[in-house]
Amino acid sequence: MILVKTEAGQRVLKDRSVALTPRQRTAFILCDGKRSVGDVLEAGMGVSREEIDQMIAQGLLALVGEASAPAAAGPAASPAPAPAPVAAAPAVGRSDQQRYKDAYPIATQLTGSLGLRGFRLNLSVEGTANYEQLLELFPKIQAAVGPDKAAGLERALRGA
């Protein structure tokens, strides 16, 4: 499995808007579309598979071919097809509580990045207390930030 930084990951690399530990950041940099996950794990930085999976869930990394186009590609990139509804996806392996725990920071980051335009939506996200409430807000978040940026949140909610 070979990973590459997503458009969101490229931004995070530059502006450091997501707090990564030094070993996570180094592993993140090594995910260049050429090295396999095994290569990154064996590089000796002490990063775990779970930490890499967390960066995938946050939408910072994706499998080669699944990542959104880099920022340099601009508007010429073809739009991605509309994602399937989150509720239709089967819940595999993780409890609703764990999915909420994984998805909540992604949702607050996405809505917080909208500034004043997303202030009320951000308050709604911060007011959620469980998976079901956050899942109800997903369509509004997706509409506000777009399907590409919401993909990481969708993966976290789906439990993939």
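Okay, one bit of vocabulary before anything else: a helix here is a DSSP run of H or I with at least four residues, a strand is a run of E with at least two, and the numbering starts from the N terminus. With those names we can say where a residue sits. Take G46, which lies in the loop between α3 and α4. Please also keep in mind that this is a predicted model.

So, what does the whole thing look like? Counting elements, the protein has eight helices and three strands. Starting at the N terminus, their order is β-α-α-β-α-α-β-α-α-α-α. There are 160 residues, and 34% of them count as buried. About 9100 Å² of the protein is exposed, and carbon and sulfur atoms supply 56% of that. And if you take the contacts with a separation of 6 or more, 67% of them are between residues 24 or more positions apart.

Let's go back to G46 for a moment. Is G46 buried or exposed? Its relative accessible area is 53%, and exposed means over 50%, so G46 is exposed. Which residues does G46 touch, leaving aside its neighbours within four places in sequence? The answer is R23 and E51. With R23, the two C-alpha atoms are 6.8 Å apart, although the two positions lie 23 residues apart in numbering.

R23 falls within the range of helix α2, residues 22-30, so let me stay with that helix. Q24, R25, A27, F28 and L30 of α2 are buried. What covers them? The cover includes strands β1 (2-5), β2 (32-36) and β3 (61-63), along with helices α1 (7-15), α3 (37-41) and α4 (49-57).

Just ahead of that helix there's a backbone detail. In general, most residues other than glycine have a negative phi. R16, in the loop between α1 and α2, has a phi near 55°, which is positive, and R16 is not a glycine. R16 is also exposed, with a relative accessible area of 56%.

Now for the helices toward the other end of the chain. When two helices pack, we describe the pair by the angle between their axes and the distance between the axes. I'll take three pairs in turn.

Pair one is α5 (residues 96-112) with α6 (residues 119-126): the axes are 8 Å apart and the angle is about 165°. Anything over 145 counts as roughly antiparallel, so that is what we call α5 and α6. The crossing of α5 past α6 is left-handed. On the α5 side the contact uses Y104, A107, T108, T111 and G112, and on the α6 side L121, N122, V125 and E126. Sort those by class and you get four nonpolar, four polar and one charged.

Pair two is α6 with α7. Here the axes come within 10 Å and cross at roughly 155°, and therefore these two helices are also roughly antiparallel to each other. This crossing is left-handed as well. From α6 we have L121, S124 and V125, and they meet L134, L137, K140, I141 and A144 of α7. The classes come out as six nonpolar, one polar and one charged.

Pair three is α7 (residues 131-145) with α8 (residues 147-158). Their axes come within 9 Å and cross at roughly 165°, which makes α7 roughly antiparallel to α8. Again, α7 goes past α8 in a left-handed crossing. α7 brings Y131, L134, L135, F138, I141, Q142 and V145, while α8 brings P147, K149, A150, L153, E154 and L157. How do the residues of that contact divide by class? Ten are nonpolar, one is polar and two are charged.

One residue from that contact to finish on: F138, which is in α7. Is F138 buried or exposed? F138 is buried, with a relative accessible area of 4%. If you'd like to find F138 on the screen, use A107 as a marker: the C-alpha atoms of F138 and A107 are 8.4 Å apart in space, with 31 residues of separation in sequence. A107 is one of the α5 residues in the contact with α6.

That's my tour. Happy to take questions.

Note on methods
Residues are numbered from 1 along each chain as its sequence is written. This is a predicted model: local features need pLDDT of at least 70, side-chain atom pairs count only at pLDDT 80 or more; totals for chains, interfaces and linings use all residues. Side-chain values use heavy atoms; hydrogens and water are left out. Buried means under 20% relative accessible area, exposed over 50%, partly exposed in between (1.4 Å probe, protein chains only). Contact means heavy atoms within 4.5 Å. Accessible areas come from the Shrake-Rupley method with a 1.4 Å probe; for residues, only the protein chains shown count as cover. Axes are lines fitted to C-alpha atoms, for helices over the stretch in contact, and angles run from 0 to 180 degrees between N-to-C directions. Angles under 35 degrees count as roughly parallel, over 145 as roughly antiparallel, 65 to 115 as roughly perpendicular and the rest as oblique. A crossing is left-handed if the near helix is turned anticlockwise from the far one by less than a right angle, and right-handed if clockwise. Ala, Val, Leu, Ile, Met, Phe, Trp, Tyr, Cys and Pro count as nonpolar, Asp, Glu, Lys and Arg as charged, and the others, Gly among them, as polar.
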